[in-house]
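Biologist: I should like a close look at a single part of this model, namely the surroundings of the ligand. Please treat the matter in one connected account.

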Amino acid sequence: MSITTDRCRLTPVQASDLPDVVRLRADPAVRRHLGGPVREEIVRKQFVEMLARPQAGICWAVRTLKEDAFVGLVTLDDHHEGADTEVSFELMPEFWGLGYAAESVGAALAHARDTLGLPRVVAETQASNTRSRRLLERLGMRPERRLTRFGAEQVLYATE
Ligand SMILES: CC(C)(COP(=O)(O)OP(=O)(O)OC[C@H]1O[C@@H](n2cnc3c(N)ncnc32)[C@H](O)[C@@H]1OP(=O)(O)O)[C@@H](O)C(=O)NCCC(=O)NCCS
């Protein structure tokens with residue numbers, strides 16, 4: 001299901017999004033806290049899984065309403081530990097610092113709560129990822145605990 005916000009449209013990823021997703025995942029700034037840039041052939045494999053998401057979760061491509069410019073990806077999927085649904089997000093750097101993450105991730109959380117009826121959504125972010133943590137706190141998520149995953153300290157945030 002697509003979601004429209006003040007400035008954006010979130011649409012479940014489709015085949016035509018591949019070049020933008022390759023660009024997003026190749027960007028060192030975007031991937032700084034996410035294990036580094038991803039090579040195109042790996043992104044192509046990840047993309048096949050994204051397209052198959054309807055069973056496991058939702059991966060939305062976010063685009064501006066005005067120019068149809070690619071803003072990034074927002075995803076709801078199973079958390080690594082299984083019990084919870086996790087929201088994750090990667091935006092192109094040219095859209096940072098303008099409130100697009102708050103707008104699109106906020107819409108995904110509202111969708112999880114109001115449409116999917118999920119009382120609880122989590123987000124896991126590197127402790128050193130200050131932008132991501134600021135966003136989650138601005139969206140009303142609370143830090144619940146710290147853990148080590150992928151060789152780095154992570155903070156697990158939750159909506160409740
Ligand atoms: C994490 C990430 C999504 C955060 O993006 P962001 O642009 O900082 O977040 P927001 O959209 O909420 O923008 C917030 C900023 O926009 C400003 N802003 C400007 N116009 C605004 C508006 N209309 N509405 C809201 N905020 C606005 C805010 O004041 C805030 O400024 P600040 O950064 O100086 O505090 C982004 O940095 C990213 O994609 N990083 C790479 C991937 C990543 O690490 N993902 C997390 C993995 S867990």
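How do the residues of the shell around the ligand divide into nonpolar, polar and charged?

Modeller: The model is a predicted one, and the account below should be read in that light. The shell around the ligand divides into 10 nonpolar, 5 polar and 6 charged residues. Of the 21 residues around the ligand, those that come nearest are Leu91, Gly97, Ala101, Arg131 and Arg138.

The secondary structure elements that supply this shell can be named as well. At least two shell residues each are supplied by β5 (85-91), α3 (100-115), β6 (121-126) and α4 (130-138). Among the contributors, α4 provides the largest share of the shell, with 5 residues.

Several contacts involve oxygen atoms of the ligand. For Gly97, a backbone N or O atom lies 2.7 Å from an oxygen atom of the ligand. A polar backbone atom of Ala102 is 3.3 Å from a ligand oxygen atom. In the case of Trp96, it is a polar side-chain atom that lies 3.3 Å from an oxygen atom of the ligand. As to coverage, the ligand on its own has 960 Å² of accessible area, and the protein covers 72% of it. The space that the ligand takes is the largest pocket.

Two of the strands that supply the shell, β5 and β6, also belong to an open sheet of 8 strands. The pairing in this sheet is mixed, and its order is β1-β2-β3-β4-β5-β6-β8-β7. β1 and β7 (142-149) stand at the edges with a single partner strand each, so one side of each has no neighbour in the sheet.

The β1 end of the sheet can be described further. Strand β1 (residues 3-4) pairs with strand β2 (residues 8-12) in the antiparallel sense, over 2 bridges. A hairpin of 3 residues joins β1 to β2, and Ile3 stands opposite Leu10 in β2. On to the next pair in the order: β2 and strand β3 (residues 58-64) are also paired in the antiparallel sense, over 5 bridges. Here Pro12 stands opposite Trp60 in β3.

Notes
Residues are numbered from 1 along each chain as its sequence is written. This is a predicted model: local features need pLDDT of at least 70, side-chain atom pairs count only at pLDDT 80 or more; totals for chains, interfaces and linings use all residues. Side-chain values use heavy atoms; hydrogens and water are left out. A residue is near a molecule or strand if one of its heavy atoms lies within 4 Å of it. A polar contact is a pair of N or O atoms within 3.5 Å; within protein, one must be able to donate a hydrogen and the other to accept it, and residues adjacent in sequence count only if both atoms are side-chain atoms. Accessible areas come from the Shrake-Rupley method with a 1.4 Å probe; for residues, only the protein chains shown count as cover. On a 1 Å grid over the protein atoms alone, a cavity is a set of points where a 1.4 Å probe fits but cannot get out, and a pocket is an open set with protein on both sides within 12 Å along at least five of seven lines; lining residues have an atom within 4 Å of a point. A molecule sits in a cavity or pocket if more than half of its atoms lie within 2 Å of its grid points. Helices (H or I, at least four residues) and strands (E, at least two) are DSSP runs, numbered from the N terminus. Ala, Val, Leu, Ile, Met, Phe, Trp, Tyr, Cys and Pro count as nonpolar, Asp, Glu, Lys and Arg as charged, and the others, Gly among them, as polar. Two strands pair if DSSP finds at least two bridges between them.
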